Amino acid sequence: MLHRFQHDILPLKDRLFRLALRITLNREDAQDIVQETLIKMWEQRQQWDAIENIEAYALTICRNLSLDHLKRLSNRHLPLDTPQVEPFDQTPSPLEQTIHREHFDRVGQIIDRLPEKQRTCIQLRDFEGRSYHDIADILGITEEQVKVNIFRARQTIRKDFEV
């Protein structure tokens, strides 16, 4: 079991973190949620053979924990801190880097303002490269609903970016 955990589940940490961060918008909370997800996965190790897609299952747990975390925060009426998005662009020109960083930050801010389901669909599709089928499984919705959410999110991003 330990080997399978190290081979199949631990490599998902970065994807789990990105998903939790996209939902919670807070790095520390996202790290805590990833740890909690990994603990839950380990506790359910006896059922792994019955799970068809272990990665989708882990992402579903992470998403649910992230949403539960947001509900707890909203019940306390605490403000959500917006994390600083770190650019990954390494272009040689400082001007190009600055322009790219501004665009990246602006798109990130637009995505952060999207409704949760659209934000999660965009994260899983465009940043994680997940299939519509996997996203539908993770979110518990139909593939058509996934496509509609992604379409609407992209429209909003495009419209808000051009303003």
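## The nonpolar core

In this predicted model, the largest nonpolar core has 40 residues. Those that touch the most other members are Ile9, Leu16, Met41, Trp48, Ile135 and Val146. Eight helices each supply at least two residues of this core: α1, α2 (13-24), α3, α4 (54-76), α5 (94-113), α6 (116-127), α7 (132-139) and α8 (143-162). The most generous of them is α4, which gives nine residues.

Val146 is a good place to start looking around. Setting aside its neighbours within four places in sequence, Val146 is in contact with Cys121, Tyr132, Ile135, Ala136 and Ile141.

## Helix α7 and the glycine after it

Two of those partners of Val146, Ile135 and Ala136, are also among the buried residues of α7. The others are Asp134, Ile138 and Leu139. After α7 comes Gly140, with a positive phi near 70 degrees.

## How α1 meets α3

Two packed helices are described by the angle between their axes and the distance between the axes. For α1 (residues 2-9) and α3 (residues 27-43), the angle is about 140 degrees and the axes are 11 Å apart. Angles over 145 degrees count as roughly antiparallel, and the angle here makes α1 oblique to α3. Their crossing is right-handed.

On the α1 side, the contact is made by Leu2, Phe5 and Ile9, and on the α3 side by Leu38, Met41 and Trp42. By class, that gives six nonpolar residues, with no polar and no charged ones. Ile9 and Met41 may look familiar: both belong to the group that touches the most other members of the core.

## How α2 meets α6

Next, follow α2 to its contact with α6. These helices pack at an angle of about 150 degrees, with their axes 10 Å apart. That makes α2 roughly antiparallel to α6. Here, too, the crossing is right-handed.

From α2, the residues Arg18, Leu19, Arg22 and Ile23 meet Glu116, Arg119, Thr120, Gln123, Leu124 and Phe127 of α6. This contact has a mix of classes, with four nonpolar, two polar and four charged residues.

## An unusual turn at Leu25

Most residues other than glycine have a negative phi. Leu25 is not a glycine, yet its phi is positive, at about 65 degrees. You can find Leu25 in the loop between α2 and α3.

Is this loop residue buried or exposed? The cut-off for buried is under 20% relative accessible area, so Leu25, at 10% relative accessibility, counts as buried.

Technical notes: Residues numbered from 1 in each chain as written. Predicted model: local features only at pLDDT ≥ 70, side-chain atom pairs only at ≥ 80, totals over all residues. Heavy atoms only, no water. Axes fitted to C-alpha atoms, helices over the stretch in contact; angles between N-to-C directions. Helix = DSSP H or I, 4+ residues; strand = E, 2+ residues; numbered from the N terminus. Parallel < 35°, antiparallel > 145°, perpendicular 65-115°, else oblique. Left-handed = near helix turned anticlockwise from the far one by under 90°. Contact = heavy atoms within 4.5 Å. Nonpolar A, V, L, I, M, F, W, Y, C, P; charged D, E, K, R; others polar. Core = buried A, V, L, I, M, F, W, Y, C linked by side-chain atoms within 4.5 Å. Buried < 20%, exposed > 50% of the residue type's maximum accessible area, 1.4 Å probe, protein only.
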